[in-house]
Amino acid sequence: MYTHREENTSDKALVDRLKSGDEHAYYVLFDRYWEQLYVLAKSLLNDSELSKDIVQDVWLSLWERRKEILNTNIRAYLIQAVKFKVYKEWRDGKLTDEHEAYLESIPASDSIEEMLHKEELQQHIQAWVEELPDKCGEVFRLSRFEHLSNQEIAERLNLSQRTVETHISNALKFLRKKMKILILLLPGFLS
């Protein structure tokens, strides 16, 4: 689709041309990065059709917003755009049980604190705890933030100890899923 000369053109030069509406530069970038973006989306979703749709949306958005691009590292920009679209699909509840099962199967990172600033991580956790059902969130806050034992929580809320354990287990499962998504969407993942 492009000449050998175009193959050696830098991404920065292509982005500069893209900003001025050069369709040929757009197609050169498309040929250069489409497959990488598709492989990334498919690795996150394990769904070929949805991955193609997400990558297509990213490329359409790139063309529509070409004059607004500030990032000179177009590869990193496109990778982040794909990760954002995957996260948006997940956040909006458009992923099926099969997608969620696949995400659950991805091993969690032991070094999440190294990848995120501690304060930012705490903000995410606070927001996620707010998404929990009322009683589940209350039990989790008492357990993890006020450091009450399961027995103390059960007595305070007039619940059985087993119910408290179930709420904590459900909250941790929910938060682990959120953490896995966040880890996958951090800059530098697969880049």
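Lys 178 is buried, with a relative accessible area of 6%. This lysine is a good place to enter the predicted model. Lys 178 belongs to helix α11, which covers residues 161-185. Once neighbours within four places in sequence are set aside, the residues in contact with Lys 178 are Trp 90, Trp 128 and Glu 131.

Stepping back, the whole protein can be described in a few words. The protein contains 11 helices and zero strands, so that, read from the N terminus, its elements run α-α-α-α-α-α-α-α-α-α-α. Of the 191 residues in the protein, 36% are buried. Among contacts with a separation of 6 or more, 61% join residues that are 24 or more positions apart.

How confident is the prediction, and where is the mean pLDDT lowest and highest among the elements? The mean pLDDT of the protein is 80, and 73% of the residues reach 70 or more. Among the elements, helix α10 (residues 150-157) has the highest mean, 94, while helix α7 (residues 112-115) has the lowest, 40. The pLDDT is below 50 over residues 109-117, a stretch that has 12 contacts in the model beyond near neighbours in sequence. Where pLDDT is low, the predicted coordinates should not be read in detail.

Two helix pairs help to show how the elements meet. A pair of packed helices is described by the angle between the axes and the distance between them. The first pair to consider is α2 and α3. Helix α2 spans residues 11-19 and helix α3 spans residues 23-45; their axes come within 8 Å and cross at roughly 135°. Because angles over 145 degrees count as roughly antiparallel and 65 to 115 as roughly perpendicular, this value makes α2 oblique to α3. The crossing in which α2 passes α3 is left-handed. On the α2 side, the contact is made by Asp 11, Leu 14, Val 15, Arg 17 and Leu 18. On the α3 side, His 24, Ala 25, Tyr 26, Val 28, Leu 29, Arg 32 and Tyr 33 take part. Sorted by character, the residues of this contact are eight nonpolar, one polar and three charged.

Leu 18 deserves a closer look. This leucine sits in helix α2 and counts as buried, with a relative accessibility of 0%. Which residues does Leu 18 touch, not counting those up to four places away in sequence? They are Ala 25, Tyr 26, Leu 29, Leu 62, Trp 63, Arg 66 and Ile 69. One of these partners, Trp 63, is 45 residues from Leu 18 in sequence, yet the two C-alpha atoms are 8.0 Å apart in space.

Thr 9 can be found just before this helix, in the loop between α1 (4-7) and α2. Is Thr 9 buried or exposed? Its relative accessibility is 14%, so Thr 9 counts as buried. Leaving aside neighbours within four places in sequence, Thr 9 is in contact with Leu 14, Arg 17 and Arg 32. These three residues also appear in the contact of α2 with α3, with Leu 14 and Arg 17 on α2 and Arg 32 on α3.

The second pair is α9 and α10. Helix α9 (residues 134-144) packs with α10 at an angle of about 135°, and the axes are 10 Å apart. That angle makes α9 oblique to α10, and the crossing of the two helices is right-handed. In this contact, Lys 135, Glu 138, Val 139, Leu 142 and Ser 143 of α9 meet Ile 153, Arg 156 and Leu 157 of α10. The contact residues divide into four nonpolar, one polar and three charged.

The loops on either side of α10 each hold a residue with a notable backbone angle. In the loop between α9 and α10 lies His 147, which has a positive phi of about 60° although it is not a glycine. His 147 counts as exposed, at 64% relative accessibility. The loop between α10 and α11 holds Asn 158, whose phi is also positive, near 55°, in a residue other than glycine. Asn 158 is exposed as well, with a relative accessible area of 72%.

Note on methods
Residues are numbered from 1 along each chain as its sequence is written. This is a predicted model: local features need pLDDT of at least 70, side-chain atom pairs count only at pLDDT 80 or more; totals for chains, interfaces and linings use all residues. Side-chain values use heavy atoms; hydrogens and water are left out. Axes are lines fitted to C-alpha atoms, for helices over the stretch in contact, and angles run from 0 to 180 degrees between N-to-C directions. Helices (H or I, at least four residues) and strands (E, at least two) are DSSP runs, numbered from the N terminus. Angles under 35 degrees count as roughly parallel, over 145 as roughly antiparallel, 65 to 115 as roughly perpendicular and the rest as oblique. A crossing is left-handed if the near helix is turned anticlockwise from the far one by less than a right angle, and right-handed if clockwise. Contact means heavy atoms within 4.5 Å. Ala, Val, Leu, Ile, Met, Phe, Trp, Tyr, Cys and Pro count as nonpolar, Asp, Glu, Lys and Arg as charged, and the others, Gly among them, as polar. Buried means under 20% relative accessible area, exposed over 50%, partly exposed in between (1.4 Å probe, protein chains only). pLDDT is the predictor's confidence in each residue, from 0 to 100.
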